[in-house]
Amino acid sequence: MKAEIYPFVVRPLPYEYDALMPVLDETTLEFHHDKHYKTYVDNLNNILADYPELQQKSLQELLTQLEELPMAARVGIRNNGGGVYNHELYFDAMKSPAGQEPVGDLAEAINRDFGSYKQWQEQMKQAAVSKFGSGWAWLLSDKAGKLSIVQTANQDVPDFLEYTPIFLVDVWEHAYYLQYQNRRADYVDGWFSLINWRKAQKRYEERSL
Ligand code: MN
C-alpha cells in the first residue's frame, strides 16, 4: 500500500457494495466501510490534529513507533491507526467470489509451509474462528518468504519491521453480525472465496521492497 499521511482519507471500496454477495451482503459491507472504518479514519485525524510533529508520518511509521509517541496519543493511535490500516488491507484484499486459487510463488509457499492449500485453509480458519473476542487473523510473510498465520487482538497490527501482511480476515462481530449473527465460522468459510489471490501474490512479491 502506498504511504499516506495526515489527513487520512476514507478509501473507496475497490468494488461495488454488492460485489461480494452472497458472502457479504450490501448492508453488511456498507456499514462496515462507511461507518466502522470511517470512524477509525475520523478518530485518527482528530488525534493527529493536536500533534503537528506526527502529521508527516505514515501509518506504518506511526504504528511501528508506538513506544515513542506522546503518552496521551499512544493508545488512540494504536487503536484508530490500527483500525485504519487493518480495514484498508481487509477491503483491498477481497474481490467478487470467483473461485480463485492461489497463484505464483505464493501458491508454492503455501504448499511448502503448510503442506497444502487445504491444510493452510484449516489452520487459517482455526485462527479466525478461535480468536477470542475482537480481532483479526493474518497471513504474513517474513523477508525470506516464509509464511505464518497469526492472530491480533482489537486493532493491533503485526510487527511491520519483520513481516509483510499478505491479507487478513476481520473477526470483529461488526464484520459479520448483521448477516451471520453468531455464525462466525460460516462467515470465515465464505471469506475464503473472496480472497484476491492476484493482489496477495503481488504483496508477497513486494515483501522485501
Ligand atoms: Mn471491522
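1. E26 is a fair place to begin, because with a relative accessible area of 38% this residue counts as partly exposed, a class that lies between buried (under 20% relative accessible area) and exposed (over 50%), judged with a 1.4 Å probe and protein chains only. E26 is found in helix α1, which covers residues 26–48; helices (H or I, at least four residues) and strands (E, at least two) are DSSP runs numbered from the N terminus.

2. Before going further, please keep in mind that this is a predicted model, in which local features need pLDDT of at least 70, side-chain atom pairs count only at pLDDT 80 or more, and totals for chains, interfaces and linings use all residues. Residues are numbered from 1 along each chain as its sequence is written, and side-chain values use heavy atoms, with hydrogens and water left out.

3. The manganese ion deserves a careful look: its protein donors are H32 (NE2), H87 (NE2), D170 (OD) and H174 (NE2), which lie 1.9 to 2.1 Å from the ion. Donors here are N, O and S atoms within 2.8 Å of the metal (3.2 Å for Na, K and Ca), and since water is not among the atoms, sites may look incomplete. Along the chain, the donors follow the spacing H-x54-H-x82-D-x3-H. The pair H87 and H174 links distant parts of the chain, 87 residues apart, with H87 in helix α3 (residues 71–92) and H174 in the loop between β3 (163–170) and α6 (177–180). Both H87 and H174 are buried.

4. The segment before α1 can be read residue by residue, and I5 has its place there. I5 is partly exposed, at 35% relative accessibility, and its C-alpha is 5.8 Å from that of Q56, although the two residues are 51 apart in sequence.

5. Two cis peptide bonds should also be checked by eye. One joins Y6 and P7, with omega about -10 degrees, and the other joins M21 and P22, with omega about 5 degrees. P7 is found in the segment before α1, and P22 lies in that segment as well.

6. Positive phi values occur in two residues other than glycine, namely N154, where phi is near 55 degrees, and Q181, where phi is near 50 degrees. N154 is found in the loop between β2 (147–153) and β3 and is partly exposed, with a relative accessible area of 41%. Q181 is found in the loop between α6 and α7 (184–191) and also counts as partly exposed, at 32% relative accessibility.
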